[in-house]
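This report examines a pocket, several salt bridges, a surface patch and selected backbone features of one protein chain. The sequence and structure follow.

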Amino acid sequence: MSDGFDRAPGAGRGRSRGLGRGGGGPEGGGFPNGAGAAERPRHQPPPQPKAPGFLQPPPLRQPRTAPPPGAQCEVPAGPQRPPRPGALPEQTRPLRAPPSSQDNIPQQNLESAMAKPQVVVAPVLMSKLSVNAPEFYPSGYSSNYTESYEDGCEDYPTLSEYVQDFLNHLTEQPGSFETEIEQFAETLNGWVTTDDALQELVELIYQQATSIPNFSYMGARLCNYLSHHLTISPQSGNFRQLLLQRCRTEYEVKDQAAKGDEVTRKRFHAFVLFLGELYLNLEIKGTNGQVTRADILQVGLRELLNALFSNPMDDNLICAVKLLKLTGSVLEDAWKEKGKTDMEEIIQRIENVVLDANCSRDVKQMLLKLVELRSSNWGRVHATSTYREATPENDPNYFMNEPTFYTSDGVPFTAADPDYQEKYQELLEREDFFPDYEENGTDLSGAGDPYLDDIDDEMDPEIEEAYEKFCLESERKRKQ
């Protein structure tokens with residue numbers, strides 16, 4: 001039992017602590033010969049205790065004077081210095097945390113770095129932009145549209161590919177119609193030389209106008225332009241005649257289409273709206289050079305409205321509302337010129353549908369709004385009637401900008417007062433002392449004017465006295 005007390009004080013402690021205080025032996029990380037804390041060399045600071053099983057964490061940030069991470073410091077070559085007395089052997093040195101960048105810096109280099117702080121310069125980012133970079137185009141845009149149309153149709157193997165490409169281009173960029181339609185028509189005149197080619201052209205335009213809702217207006221404009229600028233006129237008919245024949249094919253099955261399934265009705269509604277655009281945009285030149293609309297389209301639209309109202313489903317009624325908003329004012333004016341009351345019949349039919357049909361509430365609201373729009377003349381504001389000179393009888397604001405006069409008693413009056421003429425004449429007689437002058441300032445009153453002869457330049461005594469006091473007071477203040 002006494003053997004356990006023969007060891008030096010503190011020896012054997014911290015066997016499992018790594019750096020125990022005063023621990024002896026290699027395992028305890030102690031000092032040679034069992035030296036205690038009193039015998040520890042002065043040049044070496046006492047080791048700090050550590051938590052069992054954990055290493056010391058690295059510093060939070062690098063010192064400002066330290067080199068960047070990863071930099072290797074060169075250790076000056078030379079003979080190895082002998083170990084100092086009391087220093088730990090290499091194999092008995094305490095465990096340390098992973099070396100950081102400052103651990104590799106020799107004492108001499110560290111002192112020089114602290115004497116001269118290093119300034120870390122951030123790397124300069126070089127831009128890759130260039131003035132010679134190609135022009136930016138958004139996704140989905142092709143810059144070859146204009147070039148291909150200006151070059152003609154040499155790059156297209158067939159007519160259908162060329163026409164379809166141009167139609168797609170107009171769908172995406174409708175604003176290019178005015179600048180490219182002339183070149184397109186010239187190219188077609190050199191390509192469309194047979195009946196089959198013309199028929200194919202009509203079919204392509206019709207399919208594009210009825211399959212893409214936003215292209216119905218542009219398709220109608222395109223049809224109007226080609227009907228006047230395509231030179232081919234075969235025996236089967238020109239462009240406009242073939243187009244109307246194609247529309248008639250769809251028109252003849254209107255009753256079956258209005259009762260068909262959803263897909264059939266959707267295709268039928270696209271045809272109805274395209275026909276409405278054709279009625280507004282297709283111009284027909286008469287023998288006298290006057291431009292009129294196609295009467296056959298007017299009759300066709302009336303029958304299409306009957307087919308839609310005869311099958312009062314929601315989508316049919318919505319299509320009818322769109323058609324009337326588009327063409328209602330023009331149709332009513334044309335029917336009134338012919339003495340017809342077709343629009344009155346349509347409005348009455350709409351009211352019956354609202355009362356009797358089993359349509360949705362929203363559709364009924366649309367129909368009622370349409371009736372209200374028609375009652376306001378389709379939202380049109382006519383110009384005012386012929387100009388009439390404003391008088392107190394027809395213009396309530398006639399006297400708004402008239403001046404205000406005052407009688408000799410100080411009573412104001414204007415031209416709106418009943419006795420205006422009498423009071424104004426009295427005012428003229430009271431103020432008739434002003435001389436007459438020309439525009440150049442010449443006095444026309446003459447030398448013998450009785451009023452001017454009676455004018456006395458002398459002041460009244462009171463005024464003269466007040467004037468003298470004013471002059472004296474002004475002179476006194478000026479000298480002060």
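## Basis of the description

Helices and strands are DSSP runs numbered from the N terminus, a helix being a run of H or I with at least four residues and a strand a run of E with at least two. The model is predicted.

## The second largest pocket

The second largest pocket encloses about 490 Å³ of space. Its lining comprises 19 residues, of which Pro213, Lys266, His269, Ala270 and Leu273 are the closest to the centre. Two or more lining residues come from each of the elements α6 (195–211), α10 (262–281) and α12 (314–337).

Which element gives the most to this lining? Helix α10 does, with 8 residues. Sorted by class, the lining of the second largest pocket consists of 9 nonpolar, 4 polar and 6 charged residues.

## Helix α10 beyond the pocket

Phe268 is also found in helix α10. With a relative accessible area of 0%, Phe268 is buried, since buried means under 20%. The C-alpha atom of Phe268 is separated by 9.9 Å from that of Leu304, and the two residues are 36 positions apart along the chain.

## A salt bridge between distant parts of the chain

Side chains of opposite charge can pair when their charged atoms come close. Under a cut-off of 4 Å between a side-chain nitrogen of Lys or Arg and a carboxyl oxygen of Asp or Glu, the count of salt bridges comes to 15.

One of these pairs is Arg302 with Asp342, where the closest N and O atoms are 3.2 Å apart. The pair connects distant parts of the chain: Arg302 belongs to helix α11 (residues 295–310) and Asp342 to helix α13 (residues 342–356), with their positions 40 residues apart. Are the two partners buried or exposed? Arg302 counts as buried at 13% relative accessibility, and Asp342 is buried with a relative accessible area of 16%.

## Salt bridges within a helix

Lys336 and Glu332 also meet through their side chains in a salt bridge, at 3.6 Å from N to O. Both residues lie in helix α12, 4 residues apart, which corresponds to about one turn of the helix. Their surroundings contrast: Lys336 is exposed, with a relative accessible area of 57%, whereas Glu332 counts as buried at 6% relative accessibility. This pair belongs to a wider arrangement, as Glu332, Lys336, Glu344 and Arg374 are linked in a network of salt bridges.

Another salt bridge joins Glu465 to Lys469, with the closest N and O atoms 3.9 Å apart. Why are these two residues separated by about one helical turn? The reason is that Glu465 and Lys469 are 4 residues apart in helix α17 (residues 461–479). Glu465 is partly exposed, with a relative accessible area of 46%, while Lys469 is exposed at 55%.

## A nonpolar surface patch

Met459, Ile463, Tyr467 and Phe470 form a nonpolar patch on the surface, and together they have about 440 Å² of accessible area. Met459 is found in the loop between α16 (450–453) and α17. At 43% relative accessibility, Met459 counts as partly exposed, because this class lies between the limits of 20% and 50%.

## Positive phi values in a loop

Asn377 has a phi near 60°, a positive value in a residue other than glycine. Its place is in the loop between α14 (361–375) and β3 (405–406). Trp378 likewise has a positive phi, of about 60°, although it is not a glycine, and Trp378 is placed in the loop between α14 and β3.

Accessibility separates these two residues by class. Asn377 counts as partly exposed at 25% relative accessibility, whereas Trp378 is buried, with a relative accessible area of 10%.

## Helix α13 and Lys364

Helix α13, which contributes Asp342 to the bridge with helix α11, also contains Glu351. Glu351 counts as partly exposed at 34% relative accessibility. Between the C-alpha atoms of Glu351 and Lys364 there is a separation of 9.4 Å, the residues being 13 apart along the chain.

Methods
Residues are numbered from 1 along each chain as its sequence is written. This is a predicted model: local features need pLDDT of at least 70, side-chain atom pairs count only at pLDDT 80 or more; totals for chains, interfaces and linings use all residues. Side-chain values use heavy atoms; hydrogens and water are left out. On a 1 Å grid over the protein atoms alone, a cavity is a set of points where a 1.4 Å probe fits but cannot get out, and a pocket is an open set with protein on both sides within 12 Å along at least five of seven lines; lining residues have an atom within 4 Å of a point. Grid points are joined across faces, edges and corners, and a volume is the space filled by probe spheres set on the points. Ala, Val, Leu, Ile, Met, Phe, Trp, Tyr, Cys and Pro count as nonpolar, Asp, Glu, Lys and Arg as charged, and the others, Gly among them, as polar. Buried means under 20% relative accessible area, exposed over 50%, partly exposed in between (1.4 Å probe, protein chains only). Patches are made of residues with over 30% relative accessible area and no salt bridge: like charges are joined within 9 Å, nonpolar side chains (Val, Leu, Ile, Met, Phe, Trp, Tyr) within 5 Å. Accessible areas come from the Shrake-Rupley method with a 1.4 Å probe; for residues, only the protein chains shown count as cover.
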